[in-house]
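Visitor: I would like a close look at one part of this model, please. Choose one chain, take it slowly, and explain the terms as you go.

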Amino acid sequence: MSPLLELGAIALGLYLAGWLAQKLGLSSIIGYMLLGLLLGPYGFYTLYEATAITGMLGELGILMLLFYMGLEFSPQRFLEGGRATTRAGLLDLLNFPAGFLIGMLLGFGWLASLFLGGIVYISSSGVITKLLIERNLIAYPEAERSLGVLVFEDLAMVFVLGGLGLITSGGGLLDFAGVALFFVLYLLLMRYGRAQLERLLSREGEALVLLALALVILFSVGAKSLGFPEAVAAFLLGMMVAESHFKERIIETLTPWRDVAAAVFFLDFGLHVDVLGALGQIPAALLLIAVTIVVNLATGFWAGRLTGLSPRSSVGHGLMLIPRGEFSLVIVGLATTVSSIPQNIRDNLAGMTSLYVIALVILGSVIFRYYDAITQVLSAPFISREAQEAERQRQQELEAMTLD
Amino acid sequence: MEQIKNEIEVREVTLPGVGVKYVMPLRAGGNVAVLLRPDGTRQIYHFLENEDRPCDLIKFDDDESQQLANLLGRPLVSAPAASELELALGGLEIEWVTLDEGSSVTGKTLKEMQFRTKTGASIIAVMRDDKAIPNPGADTVLNAGDTLLVIGSKEQCHQVRDLL
């Protein structure tokens, strides 16, 4: 196939896969990934192999996802959440050790297990936000808390990616010097480069797109050459650009580019997954799914009760955080490039994560559809006890009054 | 978040990736949540007292929410206010009379029309192209589309209308 024809086929395939997934009420991420799974060299039909095009655009997809995360991350909004969000976010962190322990249990070794911790930890803000709006749950008190936790997760994700990046880069003295150099350069740019950046970004149309693409790619690749994780560099660049007056225009102009590049990333990931091998990972994936549900319900309920939500809303808070998606795939995508993890473990990790994400996106859409019924059933034991206590108190008050 | 004495406290929450939510408690119990989305659509949720599930939801698109805001913000013109105005004017009326395109009086001056002599009513202003000419002189020429501000008794105003 000529590269041009290949690009056309990729575009058509992604369009159809996304359309089908939406038709089924699922996130289009699933469609893109399944397309890769089914058509890749390990899939049922070997239509084309993962190529230079999907590989390159896929890498750009990761950078764009992280750049946007930085662009939309606002430290002020984070602080606004206050203590309630911080508490809920800290409890939500327990997902990380849960994933790590399962990795150790499955014999993945500590490095791959750390990646699994990240995969299990990070919820899908894209999937969750979309479902909250579609299902009219956005005004529920727990939605406020859950969205706050998602912002918390974004910040934690940067540390996870940064930590994993530093560990896998070797961590020699030279590397640390490079990382330090990057930080100094970044801070200098933040301090003195604002006006120039502002002037640079006052463009429109294709000039803005070209400039932004150049900035994102060159900045991240430059950081990588200094030994700094490129994904984190893209996030930091996003945070810097978010300070400019052109933030809204940049978001508006670049969103389709990000979405296309991200779609190719999901496809490319799917192309690299050994489908038959993944089927062997079903038991492990089921364990991962079960643990995720239990941990989210437990920590979510605890966090909700701790921050003043009713039992029913607290159950809901845990439920809302269950879907996993784009960022779990970003982390596993990075894991598959780490040569110090044995190839078979990387394959297992990729297969397992693809099943995990597909299952949790589907489960998420079911949970959100029957949200009211599920929360009512699950919170019934807690509500009745509370109601009983309230009733007893009222009786006592009545008795005290009649005695008077 | 702003609280002034005797004013209803509204809680503002930024929902990342969704928009801004305002929650306003109602005196009758329960509260109302208004959601503003960046695409211009608005949603209103009604929560009953001690309930954290909304009992009702209304969605508005851009122009519908604008229209609703107009309705909610519209001042009440009550009957007593109108009669007070009449009282203050001592039985006089102020009328707005617009000259049609083909009106026979266009091109004539106020002096030629002799409104005050003929009817007793006065022209106190001429509104032309969104501008007002207060206290127009006798040689002011009337154009089609002008609006005359006429003051006089009900009867006098009526006569001016007939002349035009």
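Guide: A helix here is a DSSP run of H or I of at least four residues, a strand is a run of E of at least two, and both are numbered from the N terminus. The model is a predicted one, and the part to look at is chain B.

Start with the inventory. Chain B has five helices and nine strands. Read from the N terminus, its elements follow the order β-β-β-β-β-α-α-β-α-α-β-β-β-α. The domain assignment divides the chain into domain 1, residues 11–73, and domain 2, residues 80–163. The centres of these two domains of chain B, taken over C-alpha atoms, are 47 Å apart.

Two figures describe chain B as a whole. It has 164 residues, of which 15% count as buried. Of the contacts in chain B between residues at least 6 apart in sequence, 44% link residues at least 24 apart.

Now to one sheet. Four strands of chain B form an open sheet in the order β6-β9-β7-β8, and their pairing is antiparallel. The edges of this sheet are β6 (93–98) and β8 (131–134) of chain B. Each edge strand has a single partner, so one of its sides has no neighbour in the sheet. From one strand to the next, the twist averages 25°. Both edge strands have residue numbers that fall within the bounds of domain 2 of chain B, 80–163.

Which strand pairs with β7 of chain B over five bridges? The partner is β9 of chain B: β7 covers residues 122–128, β9 covers residues 147–152, and the two pair in the antiparallel sense. To find a point on this pairing, look for B:A125, which has B:L149 of β9(B) opposite it.

A helix also belongs in this picture. Helix α5 of chain B, residues 154–163, lies across β6 and β9 of chain B. The direction of α5 is at about 10° to that of β6(B).

Finally, consider two loop residues with an unusual backbone angle in common. B:Q114 is not a glycine, yet its phi is positive, at about 50°. B:Q114 sits in the loop between α3 (110–113) and α4 (115–119) of chain B. B:N135 is not a glycine either, and its phi is also positive, at about 50°. The loop that holds B:N135 lies between β8 and β9 of chain B.

Are these two residues buried or exposed? One cut-off is needed to decide: a residue counts as exposed if 12 or fewer other C-beta atoms lie within 10 Å of its own. B:Q114 has 11 other C-beta atoms within 10 Å, so it is exposed. B:N135 also has 11 within 10 Å, so B:N135 is exposed as well.

To retrace the route on the structure, begin at the edge strand β6 of chain B. Go along the order β6-β9-β7-β8, then leave β8 of chain B by the loop with B:N135, which leads to β9.

Technical notes
Residues numbered from 1 in each chain as written. Chains lettered and ligands numbered in written order. Predicted model: local features only at pLDDT ≥ 70, side-chain atom pairs only at ≥ 80, totals over all residues. Domains from an automatic or database assignment. Pairing = 2+ DSSP bridges. Axes fitted to C-alpha atoms, helices over the stretch in contact; angles between N-to-C directions. Contact = placed C-beta atoms within 7 Å. Buried ≥ 20, exposed ≤ 12 C-beta atoms within 10 Å, placed from the backbone.
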